[in-house]
Amino acid sequence: MANTSNSDGLIEVPPDKTQQSSAQSGKPEIDKEESSLAYSILQGVIESSHNSIFSLDLNYQYTSFNKIHAKSMEHLYGVKIQIGYNFLDYITADEARHLTRQNINRALKGEPVIEESFSEDREFPHQYFRVSYNPIRESGGRIIGVTVTSSDLTKHRQTEENLRQSEERLRLAITSAKQGMFDLNLKTGEAIVNSDYHTMLGYNTLAPYETLSKWVERLHPDDLERAMAVFNGCAKGAINEYRVEYRQRTREGQWKWLLSIGRVVAVDSDGQPLRMLGTHTDITPLKQAEERIQRLSNLYVALSQTNQAIVRIRDRQTLYQEICRIGVEYGGLLMAWIGLNQSNGEFLTTAASFGLKQEYLNSVVISTNPDVPEGRGPTGTAFWEKRHYICNDFFNDPITLPWRRPAELNGFRASAAFPLTEVGQVVGVLTLYSAEVGYFDEEIVKLLDEMAIDISFALDNFIFEEQRIKALKDLGESEERYRFLAENVNDLIFRDTLDGKVLYISPVCRTVLGYEPEEMVGRHIIEFFHPDDLKSFQESYNGPLTDNSSTLFVTRVRHKDGHYIWLESNVRTVLDPVTTKPQYSIGISRDITERKNAEEALKRTQDELLKNKEQLFHAQKMETVGRLAGGVAHDFNNLLTVMQSYAELGYTELSNIEQSEERGEKYELLRQSLIEIKKATQKSAALTGQLLAISRRQLMQPRVVDLNVTVAEIERMLRRLIGEDIELVSDLDPHLGKVMADPGQIEQVILNLAINARDAMVGVGTLKLKTTNVELDEEYSREHLEVKPGSYVVMEISDTGCGMDKETMSHIFEPFFTTKEPGKGTGLGLSTVYGIVQQSQGHIWVYSEPGIGTVFKIILPRLNGEATRAVEKQQGISNLASGSETILLIEDEPSIRKLISLVLRKHGYTVLEAGNGFEGLEICRTYKEAIHLLASDMVMPRMGGHELAEQVEKYFPNLKMLFMSGYSSEFIYSGLIKSDAAFIQKPFSATDFVRKVRAVLDQA
């Protein structure tokens, strides 16, 4: 083409060709100036356009283009276009090039083409275009090219799409949010509403109409003035936006919180509002959540205020009153009161109260007796069941029936009662009242439980403080010492991060732990714990709590000087009131080292008491058994005395029969019978001796004894007794002390224990005898009540036999108890051992385990120096048994009294008989002649031997005395009768008794 272009890309047509064209067409020539002006205007319009404009000839070659198009081609295809270049060569996509050629060809045929296209180019994604193809005609009408105009519709399309999406989102939001829509005519007060508006209030959803007056009728009285003030301000044009929160009554009569937002959308010619559009939103759940958060926040503050009051206040009454005030002012309650059970009385009395409805307390009675209706209400139940009682609907809880009328008059709708304790005992109840049904939900109850625990903690502190003050007063410590101790009884208060680092600790840590507060802040709390307590701490405290509950744990904490003290800590996690996420931990720690020591001491004391109780029971049991055995032996000895004496008398008379008389078979049978009776009585006397040993009333002859000598003397007998298969080992202390005992009885003890040991060792084994000196202290005495501290000799007899279990060991000293087969033992061996040791002022201790063996320890008091004791004066016995003296015989047993009288009279004595002490005294008072000897039983009813001796001496000061008894002579040594009185133990023979009488009478 011959066309040329300027720097802007516009077409420049040569003048000669223009003139030629005009001349050939036969038309008049156009004025050059006019043509140039028109061309300049056209050129300016094209360049000022925001659209891409260019022209092509019949061969698709550029004839002109504006700057917009040049820039567009450079951005789209990265080329710089020029006049004369083929436009289609720049289009790289085959489909686009084909479609563009079609559109250009249609325009070249005279058909204007308009096309809208969508670009997905990487640099220009999601662009919309409108492209116009128009033919270029010369003056003769022939088509010589085409003009192409491209308009960018992206912003327009985006605006349309945004508007559509916005409308759709608005529709979905309104539908999903269940918002009520209203269109209010401010002149008539009538409104058109959607169905959600009626639904949220429970009314007919098919009626699309509402009136302003009905809306006002449903407003809560407390919200009416405020809501109408905002509405009127907006309706009069004084406020741009109508926005207000209020409560409206639903169809069921309940109250719902609504948020109304509206704007005036039309005004009259005077500028007065005509029409308002707006929404109603149900914000009841939000309001309830806000109220609950505020309520919990207030209660947290109340709990904090309570703790501060506990730290600050030093007397109960002030603390009670302050707690009630805090509960009402911070908890949003109508009333709070504390009832106490003074001196275990019948009713709870008011200690403190706060609120506007305190007159309620004047009309109610709270009993401490759960068996009456007045004791089964919330407060009484909390008192007796020792747990909180929650009544969230006062008029639907059956236990509140006695108090419903006063509660209704005072506006109470819910109540909660929390027991208060002092040192673990319930002493009162904190009762709270709310005007709202369901006020006391789970979290609130937890907080109030904590408050009750803290109050009880404070009451414990009061007790401890009172005890401390009393102790200080009793001890008379100085004022400076008093102040020092007062600082140290204060508890540690601390705040930690969730991972256990100390954020704050009260200054009392100086006295409790020895650290300055700044030395502990920033350090992890477990750094101070005893290593042995870490596991128990982790088991009781597993990180921060999420439910506002508290954790109580006890640990040993290291003092700065290195020693450990016991701390009892109560830790609670503080939650964010909005997010309910844990924020930090707070806690209180108390030094309970003294309490721990006291508990350990108490446990030791209890263990000792239990052990002592068992020992005391065993001793009492053995004492009872001993008394029984002694009583039986005493009575049996009386019978044996009669039998033995009469048998002896009969045998003596039978032997005096002259030899001249015939002695046939009957004589011999009678003689042998008397001999056997005498033998039987002697064996019976030995048996009663064992019973007396059990009762510790056996006749003993104590003297200074070396147990090493006793063991050595009996060792040969023991080797024959236990057999060759059992090894006998002696381990004797060469420096062993001496004891006071009856050697024969000690030998009997060793023999009995050795026989038991032999029977316990089947076939082979070891029997060991050991002696040693010991010193028993106060501690041993506390564990063994019957043992006094002092010096002792211990004889230990042990074996490697089958051993005994605890049940068997608890009975081994009981008479007739045996583990042997019937006929193999009487069961009196260990009973006799026990009695001999006890009568020797000693003690016996046994330890045994099944399959291991048994150890018996005989513990006897050790003598100091060469102490000796005269056990019984040895009296010379005269050969002359007969006499002519007068004897006062007093015996309560008729058979013995008759026997002795017969024997004494037979030997020439004058006998005055009496059945008891009173009869004997009467004889002394009335008998005018001399009485030479008093022969009396020791144990008699109404008056015993000791009292009788004192009374008889008043009549006969120099009277000689002979006492007899089935018990041992211990009465003489224990001071029950005169020290110079003679004694004969039953059973005795007639000959022995006559000789004893003669010996006493012959004493100087």
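**Notebook: cysteines, confidence, one helix, a cavity, two odd phis**

I searched the whole structure for disulfides (pairs of cysteine sulfur atoms within 2.5 Å) and found zero. I'm working from a predicted model, where local features need pLDDT of at least 70, side-chain atom pairs count only at pLDDT 80 or more, and totals for chains, interfaces and linings use all residues. Residues are numbered from 1 along each chain as its sequence is written, and side-chain values use heavy atoms, with hydrogens and water left out.

Two cysteines I looked up for burial (buried is under 20% relative accessible area, exposed over 50%, partly exposed in between, with a 1.4 Å probe and protein chains only). Cys-391 is buried at 1%, and Cys-924 is buried at 4%.

Next, confidence. pLDDT is the predictor's confidence in each residue, from 0 to 100. I get a chain mean of 77, with 75% of residues at 70 or more. Residues 694-699 stay under 50, and the model gives them 33 contacts (heavy atoms within 4.5 Å) beyond four places in sequence. Residues 867-880 are also below 50, with 21 contacts beyond near neighbours in sequence.

Then I checked helix H21. Helices (H or I, at least four residues) and strands (E, at least two) are DSSP runs, numbered from the N terminus. How far apart are the end C-alpha atoms of H21? They are 26 Å apart, which agrees with the 26 Å expected for its 18 residues, 743-760. That expected span is 1.5 Å times one less than the number of residues. Its buried residues include Ile-746, Val-749, Ile-750, Leu-753 and Ala-757, along with the polar Gln-745 and Asn-752.On to cavities. A cavity is a set of points, on a 1 Å grid over the protein atoms alone, where a 1.4 Å probe fits but cannot get out, and lining residues have an atom within 4 Å of a point. I found four of 30 Å³ or more in the whole structure. The largest holds about 140 Å³, a volume being the space filled by probe spheres set on points joined across faces, edges and corners. Among its lining residues I noted Phe-182, Tyr-197, Glu-210, Trp-215 and His-280. Strands S8 (180-185), S9 (190-193) and S10 (209-211) and helix H7 (212-217) each supply at least two lining residues.

Last, backbone angles. Tyr-60 is not a glycine, yet its phi is positive, near 70°. I place Tyr-60 in the loop between strands S3 (52-57) and S4 (62-65), and it counts as buried at 16% relative accessibility. Val-423 also has a positive phi, about 50°. Val-423 sits in the loop between strands S17 (414-422) and S18 (425-434).

Methods: On a 1 Å grid over the protein atoms alone, a cavity is a set of points where a 1.4 Å probe fits but cannot get out, and a pocket is an open set with protein on both sides within 12 Å along at least five of seven lines; lining residues have an atom within 4 Å of a point.
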